[in-house]
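Student: Please take one part of this model and look at it closely. Then work outwards from there to whatever surrounds it.

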Amino acid sequence: TSHGPVTYRRGGRGAPVLVIHGAGGGHDQGRLLAEAFLPADHHWIAPSRFGYPGSPMPPHGSTAAQADAFAELLDALATGPVAVLA
């Protein structure tokens with residue numbers, strides 16, 4: 001992204017859902033959230049937030065910049081509209 005690399009994992013099939021983890025962990029925690037709370041007919045995308053595994057903290061790592069990075073990731077993956085699980 002324009003804010004640097006964003007590491008992510010994805011799985012499942014069906015309607016796309018962006019899974020954003022809370023404090024601690026990275027894409028690994030997003031995967032756990034997806035597997036615990038999403039029905040099997042959803043395609044989950046779990047990125048690491050800035051500063052978490054594989055996604056370095058950019059110089060201006062604001063929440064707005066994080067949202068932009070996620071939007072750029074979804075554009076690159078050509079998901080179209082997504083639901084969000086946080």
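Tutor: Alanine 78 is exposed, at 65% relative accessible area. The model is a predicted one. Alanine 78 sits in the loop between H2 and S4. Its phi is positive, about 55°, although the residue is not a glycine. Most residues other than glycine have a negative phi.

Threonine 79 belongs to the loop between H2 and S4 as well. Is threonine 79 buried or exposed? Its relative accessibility is 18%, under the 20% limit, so threonine 79 counts as buried. Beyond its neighbours within four places in sequence, threonine 79 is in contact with Pro16, Ile45 and Leu74. Those contacts give us a way into the rest of the fold.

Take the helix before the loop. H2 covers residues 63-77. Leucine 77 touches Tyr8, Arg10 and Ile45, leaving out residues up to four places away in sequence. Leucine 77 also belongs to the largest nonpolar core, which has ten residues. The other members are Val6, Leu18, Ile45, Phe50, Ala65, Ala69, Phe70, Leu73 and Leu74. H2 supplies the largest share of this core, six residues. In soluble globular proteins, nonpolar side chains tend to be buried together. There is also a second, separate core of six residues, among them Val17, Val19, Ala46 and Leu85.

Now the sheet. Four strands form an open sheet in the order S1-S3-S2-S4, and the pairing is mixed. S1 (8-11) and S4 (83-85) are the edge strands. Each has a single partner strand, so one side of each lacks a neighbour in the sheet. On average, neighbouring strands are turned by 25° against each other, direction ignored.

Start with the antiparallel pair. S1 and S3, residues 42-47, are joined in that sense by four bridges. Arginine 10 has isoleucine 45 as its bridge partner in S3. Glycine 11 is matched in S3 by tryptophan 44. Isoleucine 45 thus turns up in several places: as bridge partner of arginine 10, as a contact of threonine 79, as a contact of leucine 77 and as a member of the largest nonpolar core.

How well covered is S3? Five of its six residues are buried, so S3 is largely enclosed by the rest of the structure. H2 packs on the sheet and touches S1, S2 and S3. The direction of H2 makes about 135° with that of S3.

Next, the parallel pairs. S2 and S3 run parallel and share four bridges. One of the links joins alanine 15 to histidine 42 in S3. S2 also runs parallel to S4, with three bridges between the two. Leucine 18 has valine 84 as its bridge partner in S4. S2 is mostly covered too, with four of its five residues buried.

What connects S2 to the next strand in the unit they share? S2, H1 and S3 make a right-handed β-α-β unit. H1, residues 27-37, lies across S1, S2 (15-19), S3 and S4. H1 runs at about 155° to S3. His27, Gly30 and Ala34 of H1 are buried. Seen down the helix axis, the buried residues of H1 fall within an arc of 55°, so they line one face of the helix. S1, S2, S3 and S4 are among the elements that cover them.

One more loop is worth a stop. Glycine 54 lies in the loop between S3 and H2. Its relative accessible area is 44%, which makes glycine 54 partly exposed. Which residues does glycine 54 touch, not counting those up to four places away in sequence? They are Pro5, Val6 and Thr7. Glycine 54 and threonine 7 are 47 residues apart in sequence, and their C-alpha atoms are 5.0 Å apart. Val6, touched by glycine 54, is also a member of the largest nonpolar core.

Back to the starting point. Alanine 78, with its positive phi, is exposed. Threonine 79 is buried and contacts Pro16, Ile45 and Leu74. Of these, Ile45 and Leu74 belong to the largest nonpolar core.

Key
Residues are numbered from 1 along each chain as its sequence is written. This is a predicted model: local features need pLDDT of at least 70, side-chain atom pairs count only at pLDDT 80 or more; totals for chains, interfaces and linings use all residues. Side-chain values use heavy atoms; hydrogens and water are left out. Two strands pair if DSSP finds at least two bridges between them. Axes are lines fitted to C-alpha atoms, for helices over the stretch in contact, and angles run from 0 to 180 degrees between N-to-C directions. Contact means heavy atoms within 4.5 Å. Buried means under 20% relative accessible area, exposed over 50%, partly exposed in between (1.4 Å probe, protein chains only). A crossover is right-handed if, with the strands pointing away from the viewer, the path from the first strand over the helix to the second runs clockwise. The arc is that of the directions from the helix axis to the C-beta atoms. A nonpolar core is a set of buried Ala, Val, Leu, Ile, Met, Phe, Trp, Tyr and Cys residues joined through side-chain atoms within 4.5 Å.
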